[in-house]
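Hi,

Here is the structure I said I would pass on. Have a look at it first, and then read my notes underneath.

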Amino acid sequence: DPVTIVMVEDDAGHARLIEKNIRRAGVCNDIAHFESGTAALTHLFSDAVRANGPLLILLDLNLPDMSGVDILAKIKADEKLRRAPVIVLT
């Protein structure tokens, strides 16, 4: 099954750079970009995402509405999401 990459990054320039380097590495997976922790958590905890499985999460620690550490704690506390690998960006 294809893995969706969820990128949580509030800086548009950093997000473009991250995506550019992912594409340059030959990775063609879908990337869902969110600029706030609230939007990312709404997406991650939606029934569709939780049912469809594999994710890779790229998580910025410094977001305007909440800490990336708080988001990470919520992800890892959830039985369905806890196995998703998270790469912390800062």
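Below is what turned up, beginning with the sheet and ending with a pocket and a cysteine.

One thing to keep in mind throughout: this is a predicted model.

**The sheet**

The place to start is an open sheet of four strands, paired in parallel and arranged in the order 2-1-3-4. At its edges stand strand 2 and strand 4 (86-89), each with a single partner strand, so one side of each has no neighbour in the sheet. Going from one strand to the next, the twist averages 15°.

Strand 1 is a good one to look at in detail. It pairs with strand 3 in the parallel sense over five bridges. If you want to find that pairing on screen, Thr-4 has Leu-55 in strand 3 as its bridge partner, and Met-7 is partnered by Leu-58 of strand 3. Strand 1 is also joined to strand 2 by four bridges, again running parallel. There, Ile-5 stands opposite Ile-31 of strand 2. Is strand 1 enclosed or open? Four of its five residues are buried, so strand 1 is largely enclosed by the rest of the structure.

**The helices**

Helix 1 (residues 12-24) packs on the sheet and touches strand 1, strand 2, strand 3 and strand 4. The direction of helix 1 makes about 170° with that of strand 2. Helix 2 lies across strand 1, strand 2 and strand 3, and runs at about 140° to strand 2.

Which residues of helix 2 are buried? In this helix, which spans residues 37-44, they are Gly-37, Ala-40, Leu-41 and Leu-44. These residues cover an arc of only 95° around the axis, which puts them on the same side of helix 2. The spacing fits a general rule: an α-helix has 3.6 residues a turn, so residues three or four places apart point the same way. As for what covers the buried residues of helix 2, the list includes strand 1 (4-8), strand 2 (31-34), helix 3 (47-52), strand 3 (55-60) and helix 4 (68-77).

Helix 4 has its own buried residues, Gly-68, Ile-71 and Ile-75. Their arc around the axis is only 55°, which places them on the same side of helix 4. What do they pack against? The partners of the buried residues of helix 4 are helix 2, strand 3 and strand 4.

**The pocket**

The largest pocket has a volume of about 210 Å³. It is lined by 14 residues, and the closest to its centre are Pro-2, Thr-4, Asn-52, Pro-54 and Leu-55. You will recognise Thr-4 and Leu-55 as the bridge partners from the sheet. The elements giving two or more residues to the lining are strand 1 and helix 3. Of these, helix 3 provides the largest share, three residues.

**The cysteine**

Last, find Cys-28 in the loop between helix 1 and strand 2. Is Cys-28 buried or exposed? With a relative accessibility of 68%, Cys-28 counts as exposed, because the cut-off for exposed is over 50%. Cys-28 and Thr-4 are 24 residues apart along the chain, and their C-alpha atoms are separated by 9.8 Å.

That is the tour; tell me if anything is unclear when you open the model.

Cheers

How values were computed: Residues are numbered from 1 along each chain as its sequence is written. This is a predicted model: local features need pLDDT of at least 70, side-chain atom pairs count only at pLDDT 80 or more; totals for chains, interfaces and linings use all residues. Side-chain values use heavy atoms; hydrogens and water are left out. Buried means under 20% relative accessible area, exposed over 50%, partly exposed in between (1.4 Å probe, protein chains only). The arc is that of the directions from the helix axis to the C-beta atoms. Contact means heavy atoms within 4.5 Å. Two strands pair if DSSP finds at least two bridges between them. Axes are lines fitted to C-alpha atoms, for helices over the stretch in contact, and angles run from 0 to 180 degrees between N-to-C directions. On a 1 Å grid over the protein atoms alone, a cavity is a set of points where a 1.4 Å probe fits but cannot get out, and a pocket is an open set with protein on both sides within 12 Å along at least five of seven lines; lining residues have an atom within 4 Å of a point. Grid points are joined across faces, edges and corners, and a volume is the space filled by probe spheres set on the points.
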